[in-house]
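Please work through the following exercises with the sequence and the model at hand. Each task is followed by a stepwise solution.

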Amino acid sequence: MIPGERDLLLVVDVQNDFLPGGALAVPDGHAVIDPINRLAARFPHVVLTQDWHPAGHISFASSHEGKAPFESVELDYGRQVLWPDHCVQGSHGARLSAGLHADWAELVMRKGYHAHTDSYSAFLEADRNTRTGLDGYLRERGFAHLHLVGLATDYCVLWTALDAREAGFAVTVIEDAVRGIDLDGSVERAWATMRENGIGRTVSGEIG
Ligand code: VGL
Ligand code: ZN
């Protein structure tokens, strides 16, 4: 497949905190960087997402008395996994990896900036009601097919893929350019859910 004008490479959350040494390091997370750089060089259009939480964010275990990271709580919008403090606005951990070479990216879409709502998805926050505006932006730009890469397979990539599909885009996840956190088999479940929802799966060698 050769990327054209209606194809977009959507690079999810390739930030220091999700990479080795980061606050919420995804196992083997650094392995996505080389394939993403190769892909980014092939796509005429690239958009990046950036998890961008205020200090004291509701998704942080430290914001909930007696709770530890990777436990969960029931919030008004449903169940929320609690994470170590990560991707705090302006911090080193929140920065996009310096190893990422995609200077021609046309938009950096920040998400998760509302103190009381998380947002794994780059389209729709965890209340499943507040929209980020990305759908309108991509539609206005005329993109039809989103090719997803980045971190993490079972959280931000999964939810972004599902909401992109729901919004009517064709969606393909590039498996060697994603890695997951994998809490209780969540990576396996993520791939199954994506398959059931018509999301394609390919490898980076098929592109370019
Ligand atoms: C993510 C957990 C918390 C992700 C972001 O990028 O997948 N996961 N915040
Ligand atoms: Zn987050």
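The exercises below concern a predicted model.

**Exercise 1.** Determine the strand order of the open sheet and state which strands stand at its edges.

*Solution.* The sheet has six strands, in the order S5-S2-S1-S6-S7-S8, and their pairing is parallel. Strand S5 (107–111) and strand S8 (200–202) each have a single partner strand, so one side of each is left without a neighbour in the sheet. On average, neighbouring strands are turned by 25 degrees against each other, direction ignored.

**Exercise 2.** Describe how S6 pairs with S7, and place helix H3 relative to the strands.

*Solution.* Six bridges join S6 (residues 145–151) to S7 (residues 170–179) in the parallel sense. Leu-148 has Val-173 in S7 as its bridge partner. Helix H3 (residues 153–166) lies across S1, S2, S6 and S7, and runs at about 170 degrees to S7.

**Exercise 3.** Identify the backbone feature that joins Leu-151 to Ala-152, and relate both residues to ligand 1.

*Solution.* The bond between Leu-151 and Ala-152 is a cis peptide bond, with omega of about -10 degrees. Ala-152 is located in the loop between S6 and H3. Both residues are among those around ligand 1, as are Asp-13 and Tyr-155. The shell around this ligand comprises seven nonpolar, no polar and two charged residues.

**Exercise 4.** Is Asp-13 buried or exposed?

*Solution.* Asp-13 is in the loop between S1 and helix H1 (33–40). Its phi is positive, about 50 degrees. Asp-13 has 30 C-beta neighbours inside 10 Å and therefore counts as buried, the threshold being 20 or more.

Methods
Residues numbered from 1 in each chain as written. Chains lettered and ligands numbered in written order. Predicted model: local features only at pLDDT ≥ 70, side-chain atom pairs only at ≥ 80, totals over all residues. Pairing = 2+ DSSP bridges. Helix = DSSP H or I, 4+ residues; strand = E, 2+ residues; numbered from the N terminus. Axes fitted to C-alpha atoms, helices over the stretch in contact; angles between N-to-C directions. Contact = placed C-beta atoms within 7 Å. Near = placed C-beta within 6 Å. Nonpolar A, V, L, I, M, F, W, Y, C, P; charged D, E, K, R; others polar. Buried ≥ 20, exposed ≤ 12 C-beta atoms within 10 Å, placed from the backbone.
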